[in-house]
Amino acid sequence: MSSKPAFPRWIVLAFVLGVAALGAGIWRYGYVQALGQLAQRAEADLALASDRLATQLQVYRELAVLIVDRPALTGLEDPARRPAARVLLRALADKTGALDIFYMDTSGQVLAAAQGIIGTDLGGAGYFRRAMHGALGSGHGIVGPQGRRAYYFAAPAFAADGSVRGALVVVADVEDVERSWRGSLPAVFFVDDRQEVFIANRSELLFWRRVPGQVGLVPVGGGPLSVSTGRVGGHEVWRLNWGQYLPRRALHLVRELPVVGLTGEILVDVAPARRLAGLQAATVAAICLAFGAVLFLVTERRRALAEANIKLEERVADRTRALSQANVKLRREVVEREEAEAALKQAQADLVQAGKLSALGQMSAGISHELNQPLMAIRQFADNGAAFLARGRAEKAGENLTRIAEMAARMARIIKNLRAFARNESEPMAKVDLVEVIGSAVELTEARLRADAVGLDWAAPAGPLFVWGGEVRLAQVFVNLINNAADAMAGRADKRIVITVEDEGDRLAVRLRDSGPGIADPDKIFEPFYSTKEVGGDEGMGLGLSISYGLVQSFGGNIRGANAAGGGAVFTVELDRWREERAA
């Protein structure tokens with residue numbers, strides 16, 4: 001049979017081209033979206049930088065306004081008052097970090113200065129002329145022999161008649177302003193009205209100029225560097241070649257600062273946005289290619305299955321005959337297994353009953369003694385009663401009859417426990433008084449324990465404690481545990497069994513501890529036919545604990561054995577509490 005491909009090659013090629021086109025579209029969309037988020041962060045950064053610059057310069061502006069009317073700055077036309085003014089201005093400059101503070105008269109002559117680095121005649125300065133018109137003047141420039149950048153604030157000083165008598169100028173050191181935020185943000189620079197970079201958090205951009213008609217900036221002493229601009233989704237993106245500390249592609253934003261007469265600009269690297277868009281496009285392309293590959297494989301699989309189906313149908317008939325024969329054989333095996341399971345259940349029931357009879361056999365001598373002793377006492381009290389009646393002592397005869405009744409009740413209780421223990425219980429689980437069951441097991445084993453000189457500590461709780469289980473089967477569990485403890489302590493001087501009941505919330509835990517040698521192998525203690533007794537002895541075949549384990553498991557409980565910390569063994573039987581809602 002010839003095999004043809006599921007898809008022609010041109011369909012595969014068209015699919016790949018479609019995925020490429022979709023990836024390009026996703027990249028474009030993701031790039032625009034990422035640029036939008038980047039622009040929001042850039043606007044916030046530029047606003048933060050602008051507000052920080054304006055706030056820091058505002059300190060010096062307010063300083064000029066606050067100190068212009070100081071009394072020490074009046075009457076400076078008198079040379080004798082100028083030294084005190086210089087001392088005041090120098091102290092204010094030292095405290096505020098101002099580069100210089102000086103006072104000028106109406107002609108622009110400096111009458112007093114903190115440092116005197118500006119000069120003595122500033123009548124042509126724009127900020128001075130504005131102050132002479134009664135307004136707050138400002139400006140910037142280069143001062144001192146070291147060429148330090150400075151920002152000026154000139155506050156007019158008014159005479160008593162309201163005329164301007166002079167001006168106080170505070171000179172702010174721009175480098176001190178920059179120092180607190182240099183390098184902490186993307187590239188941010190501020191351009192003055194001459195299109196020259198005057199303030200920047202990248203020192204390499206200082207004094208670069210923007211050439212009219214061009215996008216980029218011209219560095220000091222050189223020609224324009226490589227720069228091109230484009231718009232992506234309404235955002236202006238520059239391609240730069242301005243050095244290793246500036247991005248190759250950057251989002252460009254502008255913010256006007258009329259308060260200080262500057263224009264703030266920011267350049268934010270768009271590489272993260274491009275990487276994010278590339279990751280989104282690659283993810284979508286990978287999903288599409290994976291879907292195409294799965295579709296191709298599924299189609300190929302269907303074609304292969306169609307070819308194999310023909311062969312399979314030819315084999316179905318042969319397999320049907322074989323399955324029919326196997327079905328007949330399987331039904332026969334099911335019947336045999338059901339019969340074996342029924343036999344197993346019967347054997348288990350017989351084994352439980354045999355365990356109870358074995359326990360009765362072990363206790364038979366003690367039980368016989370327990371019944372024989374009351375019978376002898378009854379006979380003795382009867383003879384005494386007859387003698388008292390013959391003597392006419394009816395009161396004494398009545399006491400003997402009372403003792404006879406007590407002995408008969410004791411015998412009836414022993415026989416009742418024996419009959420209940422020997423009964424082959426088949427009833428489902430129900431409400432059982434745990435205290436009564438343990439008391440019955442104690443009475444059944446009392447004679448045997450007394451004969452073997454085994455002490456039993458059992459303090460029955462005041463009220464009944466109800467659990468889920470079967471009364472007869474649960475009594476057999478505790479009889480087996482008590483007998484097993486008594487067997488384990490054979491030959492020891494101190495023989496004692498302690499039974500306690502503990503409340504564990506939804507369960508009740510019965511702990512039976514003995515003073516025997518402990519358990520040699522706790523992991524095998526509940527295995528059938530596991531016994532530490534002498535082989536061929538008359539103490540049993542090692543089925544008592546195994547039967548007890550199965551009975552407790554059938555009640556939904558748990559039984560475990562372990563070695564006690566102070567010696568001996570301790571067996572714990574955990575049973576579910578009986579509750580009304582569960583019974584319903």
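User: By what criterion do two strands pair, and in what order do the 5 strands of the open sheet stand?
Analyst: Two strands pair if DSSP finds at least two bridges between them. In this predicted model, 5 strands form an open sheet with antiparallel pairing. Strand S2 (110–113) and strand S3 (137–143) are its edge strands, each pairing on one side only. Neighbouring strands are turned against each other by 25 degrees on average, direction ignored. The order is S2-S1-S5-S4-S3.

User: Over how many bridges do strand S1 and S2 pair, and which residue in S2 stands opposite Met104?
Analyst: Strand S1 covers residues 100–104 and pairs with S2 in the antiparallel sense over 3 bridges. Within this pairing, the residue in S2 opposite Met104 is Val110.

User: Which helix lies across S1, S2 and strand S5, and at what angle does this helix run to S2?
Analyst: The helix across S1, S2 and strand S5 (164–173) is H2, made of residues 82–96. The angle at which helix H2 runs to S2 is about 50 degrees.

User: Which residues have the most contacts inside the largest nonpolar core, and which helix gives the most to this core?
Analyst: The largest nonpolar core has 54 residues, and those with the most contacts inside it are Ile101 and Phe190. Among the residues that Ile101 touches are Leu63, Ile67, Leu89, Leu168 and Val170. A second, separate core has 41 residues, including Val454, Leu465, Ile482 and Leu508. With 14 residues, the helix that gives the most to the largest core is H1 (residues 9–67).

User: How is the aromatic pair of Tyr127 and Tyr152 arranged, and how many residues apart are the two?
Analyst: A pair of aromatic rings is described by the distance of the centres and the angle of the planes. The structure holds 2 aromatic pairs. The pair of Tyr127 and Tyr152 is stacked, at 4.7 Å centre to centre with 15 degrees between the planes. This pair links distant parts of the chain, Tyr127 in helix H3 (residues 126–132) and Tyr152 in strand S4 (residues 148–158), which are 25 residues apart.

User: Why is the pair of Tyr151 and Phe153 classed as it is?
Analyst: Tyr151 is buried, with a relative accessible area of 1%, and Phe153 is buried at 5%. The ring centres of Tyr151 and Phe153 are 5.2 Å apart. Their planes stand at 45 degrees, so the pair is tilted.

User: Over which rings does the charged end of Lys431 sit, and how far is it from each centre?
Analyst: One ring under the charged end of Lys431 belongs to Phe466, whose centre is 4.0 Å away. The charged end of Lys431 also sits over the ring of Trp578, and the distance to that centre is 4.6 Å.

User: Is His235 buried or exposed, and what is its relative accessible area?
Analyst: His235 lies in strand S11 (residues 235–240). Not counting residues up to four places away in sequence, His235 touches Val32, Leu35, Gly36, Ala39, Gly230 and Leu251. Buried means under 20% relative accessible area. His235 therefore counts as buried, with a value of 18%.

User: Is Thr572 buried or exposed, and what is its relative accessible area?
Analyst: Thr572 lies in strand S20 (residues 569–576). Its contacts, not counting residues up to four places away in sequence, are Ala509, Val510, Arg511, Asn558, Ile559 and Arg560. Thr572 is buried, and its relative accessible area is 6%.

User: Is Gly566 buried or exposed, and what distance separates its C-alpha atom from that of Ser515?
Analyst: Gly566 is placed in the loop between strand S19 (558–563) and S20. With a relative accessible area of 69%, Gly566 is exposed. Gly566 and Ser515 are 51 residues apart along the chain, and their C-alpha atoms are separated by 8.9 Å.

User: Which residue in the hairpin of S6 and S7 takes a positive phi?
Analyst: Strand S6 (residues 187–191) and strand S7 (residues 197–200) pair in the antiparallel sense over 3 bridges. Val191 has Val197 in S7 as its bridge partner. The hairpin has 5 residues between the strands, and the residue with a positive phi near 60 degrees is Gln195.

User: What percentage of the residues of the chain count as buried?
Analyst: The chain holds 10 helices and 20 strands. Of the contacts with a separation of 6 or more, 59% are between residues 24 or more positions apart. Of the 584 residues of the chain, the share that counts as buried is 38%.

Notes: Residues numbered from 1 in each chain as written. Predicted model: local features only at pLDDT ≥ 70, side-chain atom pairs only at ≥ 80, totals over all residues. Heavy atoms only, no water. Helix = DSSP H or I, 4+ residues; strand = E, 2+ residues; numbered from the N terminus. Axes fitted to C-alpha atoms, helices over the stretch in contact; angles between N-to-C directions. Contact = heavy atoms within 4.5 Å. Buried < 20%, exposed > 50% of the residue type's maximum accessible area, 1.4 Å probe, protein only. Phe/Tyr/Trp six-rings, centres within 6.5 Å; stacked < 30°, edge-to-face > 60°. Lys NZ or Arg CZ within 6 Å of the ring centre and 35° of its normal. Core = buried A, V, L, I, M, F, W, Y, C linked by side-chain atoms within 4.5 Å.
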